[in-house]
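Subject: Structure handover and notes

Dear colleague,

I am passing on the structure below, together with some notes for a reader who has not seen it before. Please keep it open beside the text while you read.

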Amino acid sequence: MDRSKLYRRFRTLLIANRGEIACRVIRTARAMGLRTVAVYSEADRDAMHVALADEAVLLGPARARDSYLNVERLIEAARKTGAEAVHPGYGFLSENAEFARACLDAGLVFVGPTAGMMNAMGSKSGSKALMEKAGVPLVPGYHGEAQDEATLSKAADKIGFPILVKASAGGGGRGMRIVRSADELAAAIVSAKREAKAAFGDDRMLIEKYVDNPRHIEVQVIGDSHGNLLSLFERECTLQRRHQKVIEEAPSPTLNAAQRETVCAAARKAAGAVDYVGAGTIEFVSDGKDVFFIEMNTRLQVEHPVTELITGIDLVEWQLRVAFGEALPLKQDQIRLNGHAVEARVYAENPTKNFMPSVGRISTWRLPAETGGLRIDAGYREGDSVSPYYDAMLAKMIAWAPTRDVAIERLNRGLEESDVRGIVTNIPFLSALMTHPKVRTNAIDTGFIERELAVLTSASPAPGELELCAAVAAIINAERQAAQAQANSPWQTFGWQPVGRRQRGFAFRVGHGPEQKITLNYGSGPSTLVIGERELAFTIATKEGGFDLILDGVKSQVAAVIDGHELYLRTRNGRFDLHWVDPFGGESEEQTGEDKIAAPLPGTVVAVLAEEGAKLEKGAPILTLEVMKMEQTLRAPYAGVLKSIKCKVGDIVQEGIELAVVEPSGE
């Protein structure tokens, strides 16, 4: 084939994606002088990537299959805007050979490998056979075409449990199940096939020996159309939950220099088997001694920034230069490893509620400045809405330092200084993870998070003296700022009284706990706060995002967000949510609704797992929803009888809709 049709210089780039990666590609493309075109769904009309691009085209309704996965509409968007090239980002159609082929047929440059390379390496089954022939070490497994239950069951028995059932197409932990016994196999295959079909449109499965206590090591590779193929060192991606990476770092703290060269050489051999062009990642699993090839991702990875920070290479820029038809600017022996980088994925999810996705409007978005080795790749801003239709990742925070220990400290400091409100995020969970002593000493494996989940999601400490004083200070500070917006008056000065002193009482509550009271004394002398028998002098110095609270001569930085009577505070002791009890009364206890079997978010019913009239134990599965591309199983809140099911498979249900009724057993 004439390579000029595949790779040539272009001026206008369409980014066939959304969120953080679309913003990331737009920034580099614009820095290179390219004109950028965004695409969006109706749910993303006001999204950040739309605002950043030079032009934007509406694809269709919110659901991905009607917008971001619609090949015809993407090609038409390129035609309408004069785009000459398409960058697919990651996820969606980034590893879809038919999309790459459609771009070529439409005269567009596809920024990535060819359809043939994708077909060879994108199929986990096909790539295994190819790697076996190329001499790349493999995990024992079944990668055949036959997909009937008997064949898969026979293969599992031969390999020996535990095994891993996973989708041949796609990634991100979707369509993947660990099976520890033959009794679990049939249900796992059905569930994995259903999830894979919904996520990738392909329900073919492969089976591998599951390596207990494994580590996940991957190597970044990139090739050009002139026969050059480089490896850019490795990343450690062992900290995972449900096969989804949470923390990534480069280089791997597990490998020594000799092991590093061995795994990088294996990665180059793997990519060289298909004369790979573009950016890609060769993924390996390690049992502590050896590494085994598991798959190749024929696209840019979420975690690519850690490689960029240790090499000084902009991978998106190199992707675009390869697509221009240029040769890679460096040779293998010119790639230098400098320092250490760690990345944390910030998600809209609630770790204390089984990582349930969180949707809504971001009312507060405060992340630290990108200085001192800290980098933030974000896809959202204050005021943006997080919808239930797409992956819940909001941003990535990445820290670089000369050593691993300092990089971790910098990343944790960045997490601790981040305040996102309006939705629930995993930021406190990430901070707990980065400060865990076993993470610091690299004593981990891919099951670490699940084993330590109770510790990592433990309840926040109760507010102490500092937090109660900070709560009063936050209210006073907000009232003072509101008064300063009015006409000048001596009454604006906090604490100003012509004579005498006054008192003002406050009461706060955490959750459904008891009220905690504090009294403000103010007037002609210094203002004080009284908690129990203690009286503390205090002053406030306002600053962006909060204030400095000087309490008995000690200055503390406080971040604060007030929403009606709800207060969010961040102090040196952590993050706290307090309710300011209405001083005029009239509050009523809110119903928790914990026993109601209702849709936690908008989603699609994909399975009904129990029949009406069935006797259920507490925690028994009742039905499964697909929410934000992940399956969520709703379970019985207590032992009883399933009185009714108010939905059927295929129903699209809204948040809060009751889906089933369980009648308590009365025991």
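A residue is called buried here when its relative accessible area is under 20%, exposed when that value is over 50%, and partly exposed in between. Please also bear in mind throughout that this is a predicted model.

With that cut-off in hand, strand 28, which covers residues 546-551, can be described as mostly covered, since 5 of its 6 residues are buried. Strand 28 pairs on one hand with strand 27 (residues 534-543), in the antiparallel sense and over 6 bridges, and in this pairing Ile 540 stands opposite Leu 549. These two strands form a hairpin with 2 residues between them, and Gly 545 in the turn has a positive phi of about 80°. Strand 28 also pairs with strand 29 (residues 554-563), again in the antiparallel sense and over 6 bridges, with Val 558 of strand 29 as the bridge partner of Phe 547. The hairpin of strand 28 and strand 29 likewise has 2 residues between the strands, and there Asp 552 takes a positive phi near 50°.

Phe 547 leads on to the nonpolar cores, as it is included, along with Ala 471, Ile 475 and Leu 578, in a second, separate core of 30 residues. The largest nonpolar core has 102 residues, and those with the most contacts inside it are Phe 10, Phe 284 and Phe 293. If you would like one residue to start from, Phe 284 touches, among others, Val 136, Ile 217, Val 263, Ala 267, Phe 293 and Ile 294, and its contacts also include Arg 215 and His 216, when residues up to four places away in sequence are not counted.

Turning to the helices, the axes of helix 4 (residues 71-81) and helix 5 (residues 97-105) come within 11 Å and cross at roughly 30°, and this crossing is right-handed. Val 71, Leu 74 and Ile 75 in helix 4 meet Phe 99, Ala 102 and Cys 103 in helix 5; by class, this contact has 6 nonpolar, no polar and no charged residues.

Helix 11 (residues 304-311) is mostly covered, with 7 of its 8 residues buried, and the buried ones include His 304 and Glu 308 as well as Val 306 and Ile 310. Helix 11 is followed by Gly 312, whose phi is positive, near 75°.

Further along the chain there is an open sheet of 4 strands in the order 32-39-37-34, with antiparallel pairing. Strand 32 (597-598) and strand 34 (615-616) stand at its edges, and because each has a single partner strand, one side of each is left without a neighbour in the sheet. Strand 32 is joined by 2 bridges to strand 39 (residues 658-664), and the two run antiparallel, with Ala 598 opposite Glu 658.

Finally, is Ser 385, in strand 21 (residues 385-386), buried, partly exposed or exposed? Its relative accessibility is 49%, so Ser 385 counts as partly exposed. Ser 385 lies 24 residues from Arg 361 in sequence, yet the two are 4.2 Å apart in space, C-alpha to C-alpha. Leaving aside residues up to four places away in sequence, Ser 385 touches Gly 360, Arg 361 and Tyr 380.

With kind regards

How values were computed:
Residues numbered from 1 in each chain as written. Predicted model: local features only at pLDDT ≥ 70, side-chain atom pairs only at ≥ 80, totals over all residues. Heavy atoms only, no water. Axes fitted to C-alpha atoms, helices over the stretch in contact; angles between N-to-C directions. Left-handed = near helix turned anticlockwise from the far one by under 90°. Contact = heavy atoms within 4.5 Å. Nonpolar A, V, L, I, M, F, W, Y, C, P; charged D, E, K, R; others polar. Pairing = 2+ DSSP bridges. Buried < 20%, exposed > 50% of the residue type's maximum accessible area, 1.4 Å probe, protein only. Core = buried A, V, L, I, M, F, W, Y, C linked by side-chain atoms within 4.5 Å.
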